[in-house]
There are 2 protein chains.
Amino acid sequence: MTTHCHDVRLHGFSSLASTEQAMAWVDAHAERLLAEMVATEDAPGRVLYAPLQAADDLPSADRAAEDGYAVRARETIGAGAYNPLVFALQEPGAPLGPGAAALVTTGAPLPHGADAVLPFRAAHLDGASLEVLAAVAEGTGVERRAHEIRTGAPLIDTSCALRPQDVGLLAALGVERVQVVRRPRVRLVIAGPKRSVGLPPSRDADGPMLHALVARDGGAVEDVVVGADERGAIARALAAPGVDAILVAGRTGTGPDDEAPLALAEVGELAIHGIALRPGSSTGMGRVGAVPVVLLPGDPLACLCAYELLAGRLVRRLAGRDPRLPHPVREAEVGRKIVSAVGFVDVCRVRLADGRAEPVGSVEEGGLASAVRADGFVVVPSPLEGHAPGARVRVHVYGESAS
Amino acid sequence: MTTHCHDVRLHGFSSLASTEQAMAWVDAHAERLLAEMVATEDAPGRVLYAPLQAADDLPSADRAAEDGYAVRARETIGAGAYNPLVFALQEPGAPLGPGAAALVTTGAPLPHGADAVLPFRAAHLDGASLEVLAAVAEGTGVERRAHEIRTGAPLIDTSCALRPQDVGLLAALGVERVQVVRRPRVRLVIAGPKRSVGLPPSRDADGPMLHALVARDGGAVEDVVVGADERGAIARALAAPGVDAILVAGRTGTGPDDEAPLALAEVGELAIHGIALRPGSSTGMGRVGAVPVVLLPGDPLACLCAYELLAGRLVRRLAGRDPRLPHPVREAEVGRKIVSAVGFVDVCRVRLADGRAEPVGSVEEGGLASAVRADGFVVVPSPLEGHAPGARVRVHVYGESAS
């Protein structure tokens, strides 16, 4: 399936797709993967394949909500520090006899007939007889059947990564295995530092960074092809089977050796190359068979920004997660002017200080170090030329985590 | 080292430590662990042991910031679409001759003598001669040496988990291994569901939940002891060597079989038992030798809340992370009244809808399902009896992730 490919090398892009078009392409070509079963204890961070409903009431019977003595509430009426009423202490398992009390601990089922739990401080035990020093109302210290969850109630929705408490609840309900969305297998193709840069391949920043980003978004790097620095090698890496998505880093620009788009067009379809996104305008995307491919710029900052908005969206969609940016959002007031280019979606790195967002350098400058110095980023839509001081903006905060 | 242990069984707590005292105990008894070396690619999520400074300028020489032709800017003065100036195209490696231009790609070092990069659209190549169609100013398209990072500049601080871009920058600087804080090895002791509850051990919710929480906070569960349901078994699990911290779940209350505090007092020191924290008031803490131990309530909701405020703080401190709650904070207006108890720190689960926080049930009710239904929680300090509708509160948001 070879498609038309406009060769931008030594010419530059004659036109750019909008970032919205690129996002729409991702949405149209990345479907949530199918299900697999995993042990509940391995499920944190995974996404349920189908919403889960409660198969039972929880608790399945009335139970003690605190440690104490199970009693019939009406039998305690009139009890007081100066008028102790004496109850017979009986075994907890049997139905509660008249005038009797039974020791219960938090979470234990109430003996049949009991309707309240008397706290220890309201009683005094003397051998097998219990002096009750206060009256309790019916229901005190009792957690009613189905108080927590009623059979059939919706429990956990899809599209969110399972949190620690979600996994705890599944375990509490006796769910030992759950059906989750299969983890996307991602191939990284590191198209290699440019020969002219003269850096050894060990200085590739994109591989380790993309590895961490893919894992954050619920994917798993299945294999990494390094040093694919000419068209044939890139094409072979694209055509090899066994993955759900391919991210190529590097060789996407307008230099003579930027052959990644040509390689994709050769073995599949290059749908988009050149996007009105800064940094990251040389990003491309397409498919080999049904496998979506994103061509990311080799420059690490552009690679990061294009990953966040486009390749990450692809991984998140495949993983069944919310496709939007996964960073927590904090509202902030612009401190120093944020300058952006009309016609481009700009990813502006900012620092947050005292609730104010200050740009870290200009949009296309500062390299990866600017993202390291930043607390987050502001996405400036293409019609705007920036944000004036005092404007309210939404900052996507890097690296705050509570998965 | 056996210490005095007030037996609260069948009596209840005669006094409670404040949550602040419990946090202070954690702070006094949990020091950041020592360092280990890891490969940079394995460093995401780890914490640097020492702040890192740049050992080199980045870039280490002036380089092209875009694809194009390296030129001397002053030689392009006067060039225009109707007045093309002709340059000789030379090899990029050699010093730039007079009247010459050399092809460069983004990131490539500039040839000696060049001081600007002419974009492709401003030139027309005809064999070995280049028609220059526009003048460029000195510095155009050039990234100056040390523009991104100057030698000796502080690069990455400690106390934050390394983010994808941090790891990318380290790789770009040629840092192949980094010194990070050793990952805390945590033992989970699941003190078993109470015999009276009659649930099979597979229904333990705390184990899988704590596993995920410890991992979130930068620790690693080294071993899990299950079914330690009497004093001797708990004491043996506490006394075994090989971990940096121990979390016991269950058997902390006032029932006759709540022997975890007694076990800790027997083999070490029970420093605190009973905390003015809801849910989670039966939490305890102490040490076996130098190893800090937190006794968490068996009830899963209380276990979760006590983990977040106390045990998690311990793990985060050992791991070198910020000890405060790791959840992203969102400011919200209280919708329905949040009711809390004076004298207790209350962990109130809330849902967020349209920027308003609505409590999910009351503080001590609803079980783990209330934390599953919640988007986050509000920590109400002990002097307050809650928050009225319209009040602004800080919501710690569960499960938003961008690690």
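These questions and answers walk through a predicted model with chains A and B.

Me: How many residues of chain B are in contact with chain A?
Reply: Start with the partner side. Chain A brings 69 residues to the contact. On the side of chain B, the number in contact is 69.

Me: What area is buried between chain B and chain A?
Reply: The size of an interface is often given as the accessible area lost when the parts come together. Here carbon and sulfur atoms give 60% of that area. The area buried between chain B and chain A is about 5,600 Å².

Me: Which helix of chain B gives the most to the side that touches chain A?
Reply: Four elements of chain B each supply at least two residues to that side: strand 11 (154-156), helix 2 (164-172), helix 3 (206-216) and helix 7 (367-373). The top contribution is eight residues. It comes from helix 2 of chain B.

Me: How do the residues on the side of chain B that touches chain A divide into nonpolar, polar and charged?
Reply: Take the charged group to begin with; it holds 16 residues. The polar group holds 20. The nonpolar residues number 33.

Me: How many residue pairs are in polar contact across the interface of chain B and chain A?
Reply: Salt bridges across this interface come to zero. Polar contacts are a separate count, with both residues at pLDDT 80 or more. The number of such pairs is 16.

Me: Where does B:Leu155 lie, and which residue of chain A is it in contact with?
Reply: B:Leu155 is in strand 11 of chain B. Its relative accessibility is 12%, so B:Leu155 counts as buried under the 20% cut-off. Beyond its neighbours within four places in sequence, its contacts in chain B include B:Leu52, B:Ile149, B:Leu169 and B:Leu173. From chain A, the contact is A:Val372.

Me: How far apart in space are B:Leu155 and B:Arg373?
Reply: Along the sequence, 218 residues separate B:Leu155 from B:Arg373. The distance in space is taken from C-alpha to C-alpha. It is 40 Å.

Me: Why is A:Cys303 in no disulfide?
Reply: A disulfide needs two cysteine sulfur atoms within 2.5 Å. For A:Cys303, the nearest cysteine sulfur belongs to A:Cys305. A:Cys303 is also buried, at 0% relative accessible area. The pair misses the cut-off because the sulfur of A:Cys305 is away by 9.3 Å.

Me: Which cysteine has the sulfur nearest to that of A:Cys305?
Reply: A:Cys305 is buried, at 1% relative accessibility. A:Cys305 is in no disulfide, and the disulfide count over all chains is zero. Its nearest cysteine sulfur is 9.2 Å away and belongs to A:Cys348.

Me: How many residues apart in sequence are the parts that A:Arg185 and A:Asp244 tie together?
Reply: The search finds 50 salt bridges over all chains. In one of them, A:Arg185 meets A:Asp244 at 3.0 Å, N to O. A:Arg185, in strand 13 (185-190), is partly exposed at 27%, whereas A:Asp244, in the loop between helix 4 (231-239) and strand 15 (245-249), is buried at 10%. The parts they tie together are apart in sequence by 59 residues.

Me: Which residues does the network with A:Arg231 and A:Glu266 join?
Reply: The side chains of A:Arg231 and A:Glu266 meet at 3.6 Å. A:Arg231 is in helix 4 and A:Glu266 in helix 5 (260-267) of chain A, so the pair ties together parts 35 residues apart in sequence. A:Arg231 is partly exposed at 26%, and A:Glu266 is partly exposed at 41%. Through shared partners, salt bridges join A:Arg9, A:Arg231, A:Glu259 and A:Glu266.

Me: Which helices of chain B hold B:Arg231 and B:Glu266?
Reply: These two side chains form a salt bridge at 3.6 Å, N to O. B:Arg231 is partly exposed at 25%, and so is B:Glu266 at 43%. B:Arg231 lies in helix 4 and B:Glu266 in helix 5.

Me: Is A:Val345 buried or exposed?
Reply: A:Val345 lies in strand 22 (345-353) of chain A. Beyond its neighbours within four places in sequence, its contacts include A:Thr19, A:Leu277, A:Leu309 and A:Val380. With a relative accessible area of 4%, A:Val345 is buried.

Methods: Residues are numbered from 1 along each chain as its sequence is written. Chains are lettered from A and ligands numbered from 1 in the order in which they are written. This is a predicted model: local features need pLDDT of at least 70, side-chain atom pairs count only at pLDDT 80 or more; totals for chains, interfaces and linings use all residues. Side-chain values use heavy atoms; hydrogens and water are left out. Contact means heavy atoms within 4.5 Å. Buried area is the accessible area (1.4 Å probe) that two parts lose on being put together, summed over both. A salt bridge is a side-chain nitrogen of Lys or Arg within 4 Å of a carboxyl oxygen of Asp or Glu. A polar contact is a pair of N or O atoms within 3.5 Å; within protein, one must be able to donate a hydrogen and the other to accept it, and residues adjacent in sequence count only if both atoms are side-chain atoms. Ala, Val, Leu, Ile, Met, Phe, Trp, Tyr, Cys and Pro count as nonpolar, Asp, Glu, Lys and Arg as charged, and the others, Gly among them, as polar. Buried means under 20% relative accessible area, exposed over 50%, partly exposed in between (1.4 Å probe, protein chains only).
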